[in-house]
Number of protein chains: 2
Amino acid sequence: MNGADILCDTLLHNDVDVCFANPGTSEMHFVAALDRRPQMRCILGLFEGVVTGAADGYARMADKPAATLLHLGPGLANGLANLHNARRANAPVVNIVGDHATQHLKVDAPLTSDIESLARPMSKWVRTTRGADDLSTDAAAAVAAAREGQAGVATLILPADAAWTPVASRRLATARPKAAAAVDAARIGDAARLLRSGKKVLLLLGDAALRAAALEAAAAIAHATGARLMAQQSNRRIERGAGRVALERVIYNIDAAAADLADIDVAILVGAQEPAAFFAYPGKPARPLRPDCLVYALAEPGDALLAALRALADELGCPTGDAGRFHAPLRRPEFADGALDAHSLAGVVGAWLPEGAVVCDESLTAGAHLYAMTAGAPAHDYIQLTGGAIGGGLPMATGAAVACPGRKVVSIQADGSAMYTVQALWTQAREELDVVTVILANRSYAILHHELKNVGATSAGRNAARMFDLRDPSLGWVHLANGMGVEATSVTDTAGLRAALDSAAARRGPFLIEALI
Amino acid sequence: MNGADILCDTLLHNDVDVCFANPGTSEMHFVAALDRRPQMRCILGLFEGVVTGAADGYARMADKPAATLLHLGPGLANGLANLHNARRANAPVVNIVGDHATQHLKVDAPLTSDIESLARPMSKWVRTTRGADDLSTDAAAAVAAAREGQAGVATLILPADAAWTPVASRRLATARPKAAAAVDAARIGDAARLLRSGKKVLLLLGDAALRAAALEAAAAIAHATGARLMAQQSNRRIERGAGRVALERVIYNIDAAAADLADIDVAILVGAQEPAAFFAYPGKPARPLRPDCLVYALAEPGDALLAALRALADELGCPTGDAGRFHAPLRRPEFADGALDAHSLAGVVGAWLPEGAVVCDESLTAGAHLYAMTAGAPAHDYIQLTGGAIGGGLPMATGAAVACPGRKVVSIQADGSAMYTVQALWTQAREELDVVTVILANRSYAILHHELKNVGATSAGRNAARMFDLRDPSLGWVHLANGMGVEATSVTDTAGLRAALDSAAARRGPFLIEALI
C-alpha cells in the first residue's frame with residue numbers, strides 16, 4: 001500500500017466518494033489507486049473548469065465535498081475561476097493537486113510552477129504533504145477544513161513521490177470538523193432588542209439560513225416584528241417555491257438596491273455578508289445600505305444558523321408553528337404565445353418547472369425575471385453563480401445532477417458565459433445526467449453594452465462592439481451540443497420553448513435548448 | 001484624458017498594437033479608451049485561455065508582445081495555463097488585468113481576489129499601478145520587462161479608479177528594454193577550448209539560437225569540431241525545413257533520451273536549459289545527460305545568441321560561408337494510400353506542407369513522427385507546446401495567424417488538448433484567420449494509457465478508463481467547428497487527408513479537418 005492508496009482510502013473513509021478529475025502523468029499512481037477502488041466514482045471533465053465547477057455544484061446539493069483531481073499548477077489554474085465561485089458560495093471542495101516528485105522540483109521541468117501561490121487566493125486551507133506517511137492525516141485535515149465553519153476549498157498538494165512511496169501504517173485518519181459554532185445568548189438578546197427597537201430592521205440571510213426550516217423560523221420573526229426578510233444577492237442554495245417561504249434577494253444594481261433599502265435603519269446578518277456593489281462606479285456608493293444603518297452580525301456563515309434563528313424566535317416569543325402561513329402558494333405565471341425575451345422566457349420556465357427541480361442559474365441579463373417568475377413554481381432548489389466568475393453554470397449543473405439522481409436539473413444559462421466551460425456538456429452526456437440546459441442566446445455580452453453606457457459612451461464603436469458582440473459568426477448551440485453527444489433543439493418563440501421543455505421533461509438524460517432571444 | 005487613455009497611448013507608442021481581450025465591467029473605462037483608438041486591433045477570445053495563448057503565438061511570430069485584457073482575478077486565472085506556456089517559451093506578453101477600484105477592495109465584493117498571488121508564478125514582472133499618473137511609466141515598464149533579457153510575461157494590474165481618473169500629464173513613457181547581453185570573450189574562449197578538447201560535445205540550442213542565421217553559425221561549429229547539434233525538446237520557434245539547417249531535438253522519453261546522449265562528455269548550452277525529464281519516475285534519472293557530463297552555459301536565453309555563435313565560430317576558425325552545405329534538401333516523404341496512424345498522418349502532412357507555413361504543434365502522442373517527417377518540407381516555422389500545459393495549440397495558431405497574414409498556419413492538434421481551449425476556433429472564424437487545423441482524433445488521452453503501464457498496471461480498469469478515454473460519447477469535431485463558424489470535414493485515410501489539405505491550401509480562412517486515427 002502506497003501513499004496514493006491510503007489517500008484514496010482516507011477520502012472514502014471520510015465520506016468523499018466522488019472524484020471529479022482530469023489527471024496527468026504526475027498523478028498516475030493516484031489514478032492507479034483510484035482504479036483499485038471502484039467504490040470511488042471518478043468523473044472526467046475535459047477541462048479543469050468543469051471539474052471544479054462540478055465539485056461546487058455537487059457540494060451545494062450533496063452537502064458534502066467531492067474530491068477533485070488536478071494536474072500540477074496549470075491544471076489547478078484552469079480550475080481556479082470555479083474554485084473562486086465555490087469559495088464565495090462557502091461550498092466544501094477537496095482539491096488533490098499533483099506535483100512533481102519532490103526531488104524533481106530542482107531540475108525545473110517544464111510543468112513546474114508555484115502551486116501554493118496559485119492555490120491560496122481561492123483556498124481556505126492549503127498544504128503540500130510531506131510524504132506518504134503524512135497523507136492520511138493530511139487528507140483527513142483537508143476534508144475537515146473544507147467542511148468546518150465557513151465551508152470552502154481545501155487544497156492538498158500531492159508530490160508524485162508521496163503517492164508512490166509505501167506507507168508504514170494502514171491506519172486511516174478520521175476528519176473531525178469542528179461543530180458549527182452556537183450563537184451565544186447575549187447575541188440573541190442583542191438581536192431581539194434591535195428587532196423590538198421600533199426601527200426598520202432588515203433580516204439578511206445567507207448560507208444555511210436559506211434552507212426551508214431556517215427560513216420558516218426567520219419568517220416567523222419577520223412576521224412578528226415587522227422586519228423585512230431578504231437573501232443576499234448571490235447564495236449557495238435556496239430552498240424555495242410553493243410550500244416554502246418566499247424570499248426576495250438584494251438587488252444587483254447598486255442604485256436600485258440603495259433605493260430599495262433606503263428605509264432600513266438596522267441590518268441583522270444571519271450567515272450573510274453586508275451587501276456591497278458588485279463593481280465600483282465613479283460617484284456611486286460602494287454599499288446599498290445607508291451609511292448610518294446599524295449592521296449587526298448575529299451569526300457568521302457556517303455557524304449554527306437554524307438553531308440561532310429558532311432561539312431568536314423563542315426569545316421574541318414568536319409563534320413558529322403553522323409555518324404554512326409564510327409559504328408561497330403554487331402560482332404559475334401566465335405566458336402568451338409570442339417572441340422570446342427575458343420576460344417571456346422566464347414566464348415559460350416558471351409555468352413549466354417540475355416539482356423537485358434543481359434550478360441552476362447563470363442567466364445574467366437575459367434571466368433578470370427568472371427568480372421572480374419561478375417564485376410560485378413547485379418546490380425546488382435554486383443554485384446560482386456566486387463569485388461572478390462566469391462559466392460556473394454548466395459545470396455546477398453537472399455536479400448537481402451527480403448529487404441528485406432522480407431530480408431534474410434545469411440549467412438556465414447565458415450564452416457568453418456558457419462558452420467558458422462548454423466542455424461540461426460532454427460530461428453530462430458521458431454520465432447520462434438528467435440536465436436540461438436552456439441557452440439564452442442573445443449573442444452578446446449584453447451586460448457590457450449596458451456598462452459601457454454607464455461610463456458615458458453613447459454606443460459601442462468598432463473596438464467595443466468587437467469585444468461585446470458574439471455575432472459574426474453566431475454560435476450554433478445545436479451543433480456544439482451534438483458535437484459533445486448532447487441532443488439539442490433551437491427555439492424562437494414561447495410555444496417552441498414550452499414544447500421543447502415538455503420534451504425534456506419526458507426524457508431522462510441531457511438535452512439542450514437554444515433559445516434565440 | 002484619463003488613465004485608461006494614457007495606458008492605451010503608451011502601449012501604441014511602444015509598438016504594442018494588438019490586444020487580445022475578454023473584458024468585464026471593471027475594465028469598462030479601458031474598453032472605452034480602446035474604442036477611441038481604432039489603430040489598436042482588439043481581438044475577442046470567448047475564454048481567457050484563448051486570449052493568453054493567442055498572445056503567446058503572436059509574440060513567437062511577431063517578435064514583439066501583444067497586450068491582453070483580462071477581467072480581475074478569475075479572468076487572469078483562466079489565462080494562466082497558457083501564460084505558463086508563454087513563460088516557458090520566453091515569449092513576451094503584456095497582461096493588463098483589471099481590478100476593482102482601490103477603495104472598493106475593502107468591501108470584499110464577490111469578484112475580489114488576490115490578483116498578485118495568482119499572477120506571480122507565471123509572470124517575470126508584476127505591478128499594481130498606484131494611480132492614473134503612474135500608468136504611462138508602468139505600462140512602459142511592463143513592455144520593457146516583457147521584452148528584455150529572457151523575455152516573458154509582464155502583468156500590470158489596473159484598478160478601475162486608475163483607469164477612470166484624469167491624468168495630470170499626457171507625456172508618454174518609452175520602454176527601453178536592456179539590450180541583449182553580449183557573451184564575453186572569456187566564455188567564448190572557454191567554449192572553444194571545450195570544443196577542441198577531443199571530448200564528445202553537445203551544442204544544445206534554445207531561444208533565438210534556433211533562427212536560421214544562428215543555426216548556420218552553429219552548424220559550421222559542429223561541422224568543424226565534430227560536436228553534435230541539437231535543440232531543446234520544447235522551444236519557442238524553430239526556423240527549419242528545406243534550405244535551412246536540419247536539427248534534432250532532445251527526445252521526450254527519459255530512457256530514450258539518456259541512451260541517445262550516453263556518449264556526451266560535455267554539453268554547451270546556448271540559450272538552452274540543461275535537459276530534464278518531463279516527469280519524475282521511480283528509479284529513473286531526472287536528467288538525460290550522464291551525471292559526470294560537464295555542462296557549460298555559454299549563454300542564457302535572451303543573450304545575444306547569434307553574435308555569440310558567430311564569435312565562437314570565429315574563435316574556432318570555422319568557415320561560416322557557404323551555409324548551403326548545412327542545409328536540409330527539399331525531401332518530401334512518400335506516403336501510401338491507407339489508414340491514418342501517427343506515421344502515415346505525419347507523412348501526408350510532410351508531403352503537403354506549403355512553403356512559408358507556420359506549423360503549430362500540439363500533436364502529442366499522435367504526432368510523434370511529425371517533426372521528423374516535415375524536416376525536408378519547404379522552409380517553415382515550427383512552434384510548439386512549451387510548458388506542458390495542454391490547450392496551447394489552437395490559441396497559439398490563432399495568434400500566429402494574426403501575426404503572419406499571408407502565411408498558412410497549420411495547426412496539428414491532439415483532440416483531448418484541443419478541447420481545453422476549443423473556443424479559439426470562433427476567434428479564427430471571427431477574424432477570418434488563415435488556419436487549417438488537423439485534429440488528431442484518437443479519442444483518448446493516449447499518453448496516460450502509456451504512463452499507467454509505466455507505473456505497473458497491466459491495463460486500465462473502469463476508473464482509469466473512464467478518466468483516459470474520450471469515447472462514449474465520441475467528440476464530433478465537424479459539429480464543434482461548425483458550431484463556431486468554421487467549415488470542417490472528417491477524414492479516415494491518407495487520401496482523404498491529402499484531399500482535405502489540398503482543399504485547405506486552395507482557400508483562405510479557417511478550416512478544420514478531423515483525422516480519425
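User: How are H9(A) and H11(A) oriented to each other, roughly parallel or roughly perpendicular?

Analyst: A note first: this is a predicted model. To read a helix pair, start with the angle between the axes; under 35 degrees counts as roughly parallel. Helix H9 (residues 212-225) and helix H11 (residues 305-316) of chain A pack at about 25 degrees, their axes 9 Å apart. H9(A) and H11(A) are therefore roughly parallel to each other. Their crossing is left-handed.

User: Which residues of H9(A) and H11(A) meet?

Analyst: H9(A) contributes A:Ala213, A:Ala214, A:Ala217, A:Ala218, A:Ile221 and A:Thr225. Opposite them in H11(A) are A:Leu306, A:Leu309, A:Arg310, A:Leu312, A:Ala313 and A:Leu316. By class, the residues of this contact are 10 nonpolar, one polar and one charged.

User: How far apart are the axes of H3(B) and H4(B), and at what angle do these helices pack?

Analyst: The reading goes the same way. Helix H3 (residues 48-62) and helix H4 (residues 72-89) of chain B have axes 6 Å apart and an angle of about 25 degrees. That makes H3(B) roughly parallel to H4(B). H3(B) passes H4(B) in a right-handed crossing.

User: Which residues make the contact of H3(B) with H4(B)?

Analyst: From H3(B) come B:Glu48, B:Gly49, B:Thr52, B:Gly53, B:Asp56 and B:Arg60. They meet B:Gly75, B:Asn78, B:Gly79, B:Asn82, B:Leu83, B:Asn85, B:Ala86 and B:Ala89 in H4(B). The contact of H3(B) with H4(B) divides into three nonpolar, eight polar and three charged residues.

User: How should I read the area buried between chain A and chain B?

Analyst: The size of an interface is often given as the accessible area lost when the parts come together. Here, about 8,200 Å² is buried between chain A and chain B, and carbon and sulfur atoms give 64% of that area. Chain A and chain B each bring 99 residues to the contact.

User: Where do H2(A) and H17(B) fit in, and at what angle do they cross?

Analyst: They are a helix pair with one member in each chain. The axes of H2(A) and helix H17 (residues 446-454) of chain B come within 9 Å and cross at roughly 80 degrees. That makes H2(A) roughly perpendicular to H17(B). In H2(A), the residues in contact are A:Met28, A:Val31, A:Ala32 and A:Asp35; in H17(B) they are B:Leu448, B:Glu451 and B:Leu452. The classes are five nonpolar, no polar and two charged.

User: How many salt bridges does the rule find across the interface of chain A and chain B?

Analyst: A pair is counted when a side-chain nitrogen of Lys or Arg is within 4 Å of a carboxyl oxygen of Asp or Glu. Four salt bridges are found across the interface of chain A and chain B. A:Arg466 and B:Glu431 meet in a salt bridge, at 3.2 Å from N to O. Over all chains, the whole structure has 63 salt bridges.

User: What parts of chain A does the pair of A:Arg37 and A:Asp9 tie together?

Analyst: Take the distance, then the places of the two residues. The side chains of A:Arg37 and A:Asp9 form a salt bridge at 2.4 Å, N to O. A:Arg37 lies in the loop between helix H2 (28-35) and strand S2 (41-44), and A:Asp9 is in helix H1 (residues 3-13), so the pair ties together parts that are 28 residues apart in sequence.

User: Which residues does a cis peptide bond join in chain A, and which in chain B?

Analyst: Look at omega. In chain A, the bond between A:Asp472 and A:Pro473 is cis, with omega about 0 degrees. A:Pro473 sits in the loop between helix H18 (462-468) and helix H19 (477-483) of chain A. In chain B, the peptide bond from B:Asp472 to B:Pro473 is cis, with omega near 0 degrees.

User: What is phi of A:Asp63?

Analyst: Phi of A:Asp63 is near 55 degrees, a positive value in a residue other than glycine. A:Asp63 is in the loop between helix H3 (48-62) and strand S3 (67-71) of chain A.

Terms used:
Residues are numbered from 1 along each chain as its sequence is written. Chains are lettered from A and ligands numbered from 1 in the order in which they are written. This is a predicted model: local features need pLDDT of at least 70, side-chain atom pairs count only at pLDDT 80 or more; totals for chains, interfaces and linings use all residues. Side-chain values use heavy atoms; hydrogens and water are left out. Axes are lines fitted to C-alpha atoms, for helices over the stretch in contact, and angles run from 0 to 180 degrees between N-to-C directions. Helices (H or I, at least four residues) and strands (E, at least two) are DSSP runs, numbered from the N terminus. Angles under 35 degrees count as roughly parallel, over 145 as roughly antiparallel, 65 to 115 as roughly perpendicular and the rest as oblique. A crossing is left-handed if the near helix is turned anticlockwise from the far one by less than a right angle, and right-handed if clockwise. Contact means heavy atoms within 4.5 Å. Ala, Val, Leu, Ile, Met, Phe, Trp, Tyr, Cys and Pro count as nonpolar, Asp, Glu, Lys and Arg as charged, and the others, Gly among them, as polar. Buried area is the accessible area (1.4 Å probe) that two parts lose on being put together, summed over both.
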